[in-house]
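Work through the exercises below with the model open. Each task is followed by a solution in steps.

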Amino acid sequence: MAATVSSSPSINSLPRETITTTAASSAGVPTSNRNFTCIDLSDFDNRRDEIVADLMRASTGDGFFYVINHGIAVEDIRSMFQSSVDFFSLPDDIKKKYPMDISRNAGWEKLAQIRPSTGVADLKESAQFSFHGIEDLWPTEQDAPGFRTRSEKFMLQCHEVSVKLLTCLALGLGFQEDFFTRCHDITQPDILNTLRCLHYHDITGQTFPPEYWRAGAHTDFDTLTLLFQRPGENGLEVCPGREASTEFGHGDKWAPVNPNEGEIVCNLGDMIMRWSDDKFKSNYHRVRAPRVGEYQGPRYSIAYFNQANRSAIIQGRTRYPEPITAGEFLMQAMERNYNALKALKAAQKD
């Protein structure tokens, strides 16, 4: 879930030093080196036990994994990316007609998401959409032809993949196979699942102070995230080592996540880390700004967040036996982030 502030400064107003660089072509950027577990969803019904075992290994270790043979055609992924690119190419005055509504966790924001890890706004804009109750936040057909139709279809495709993964994750934890799918019921009005299109701005020929990131280090508040990237537009890194879902601590080694086209990058979020009594790992990740000599043009990604229904109960068996609704969980998580950001600002003043 996005933590936003109301101000939206222009990227040109942020402090930076202009330098001369030579942007690398996407062909020179490495693709997937499979440094994380690869989950193959082919022949799902007959291979479910094998998939559960693979997911358990990934979930108790890095908390990140690649997914292949998931059923979403590369052409559909490319089409969704094109719809995203077309939307972000619209003038800001048009996109402002669909402003981020934090209460509904949907809408458009620009340079407004601030992480406690950095204290400054991420160098990006995003547009986020859910299944119910956001009719006024969907771009109209006149403003963005085909965008809503394409997005809603893609959300359903992501949901189908998520159902398979959530089923296996439930079985791996010893729950009934439909435990997580019942808690992420997209037919219910309190579903919190969202599709988020992201645009990281072109920074060719620019460099920024060290506290500025395309996306500062953070964990996801959700249960499971599906992330799509375009070839050559890398920068995502993950840092294993987090031990508790209520803490900010993590390790100190960052590893790149560079999928091949068509592969989905998945990561576990804080909700399922709590459900598993911290057995599953929701680890920190970030999107670093490209270095000199690397591709510095625009970067686009698409994320599908599986967040439990607001009324769903999140309850562990040992470490977190007290029941809490998903809505309460999110409020507590945002409060922790707010307090951490407040402490960071106070320390910077000192």
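## Exercise 1: From the edge of the sheet

Strands S2 and S3 (residues 64-68) run parallel and are joined by 3 bridges. This is a predicted model.

Task: find which residue in S3 stands opposite Ile39, and state which strands helix H1 touches.

Solution. Step 1: the residue opposite Ile39 is Val67 in S3. Step 2: helix H1 (residues 44-59) packs on the sheet and touches S2, S3 and strand S12 (264-268). Step 3: the direction of H1 makes about 160° with that of S2.

## Exercise 2: The whole sheet

Task: give the order of the strands in the open sheet and explain why one side of S2 and of S4 has no neighbour there.

Solution. Step 1: the open sheet is formed by 8 strands, in the order S2-S3-S12-S9-S14-S6-S5-S4, and its pairing is mixed. Step 2: strand S2 (38-40) and strand S4 (107-110) are at the edges with a single partner strand each, so one side of each lacks a neighbour in the sheet. Step 3: from one strand to the next, the twist averages 25°.

## Exercise 3: Strand S6

Task: determine how strand S6 pairs with S5 and with S14, and whether its residues are buried or exposed.

Solution. Step 1: S6 and strand S5 (residues 124-130) run antiparallel, joined by 7 bridges. Cys197 in S6 is the bridge partner of Ala127. Step 2: S6 and strand S14 (residues 299-306) also run antiparallel, with 7 bridges between them, and Tyr200 stands opposite Arg299 in S14. Step 3: buried means under 20% relative accessible area. By that cut-off, 7 of the 7 residues of S6 (residues 194-200) are buried. Step 4: side chains in a regular strand alternate between the two faces of the sheet. In S6, Thr194, Arg196, Leu198 and Tyr200 point one way, while Leu195, Cys197 and His199 point the other way.

## Exercise 4: The nonpolar cores

Task: state how many residues the largest nonpolar core has, and which residues Leu226 contacts.

Solution. Step 1: the largest nonpolar core has 67 residues. Those with the most contacts inside this core are Phe65, Phe154, Leu165, Phe180, Leu226 and Phe228. Step 2: helix H4 (residues 147-172) supplies the largest share of this core, 10 residues. Step 3: leaving aside neighbours within four places in sequence, Leu226 is in contact with Cys158, Val161, Ser162, Ile264, Val265, Cys266, Ile302, Ala303, Tyr304 and Asn306. Step 4: a second, separate core has 14 residues, including Phe36, Leu227, Leu236 and Val287.

Key. Residues are numbered from 1 along each chain as its sequence is written. This is a predicted model: local features need pLDDT of at least 70, side-chain atom pairs count only at pLDDT 80 or more; totals for chains, interfaces and linings use all residues. Side-chain values use heavy atoms; hydrogens and water are left out. A nonpolar core is a set of buried Ala, Val, Leu, Ile, Met, Phe, Trp, Tyr and Cys residues joined through side-chain atoms within 4.5 Å. Buried means under 20% relative accessible area, exposed over 50%, partly exposed in between (1.4 Å probe, protein chains only). Helices (H or I, at least four residues) and strands (E, at least two) are DSSP runs, numbered from the N terminus. Contact means heavy atoms within 4.5 Å. Two strands pair if DSSP finds at least two bridges between them. Axes are lines fitted to C-alpha atoms, for helices over the stretch in contact, and angles run from 0 to 180 degrees between N-to-C directions.
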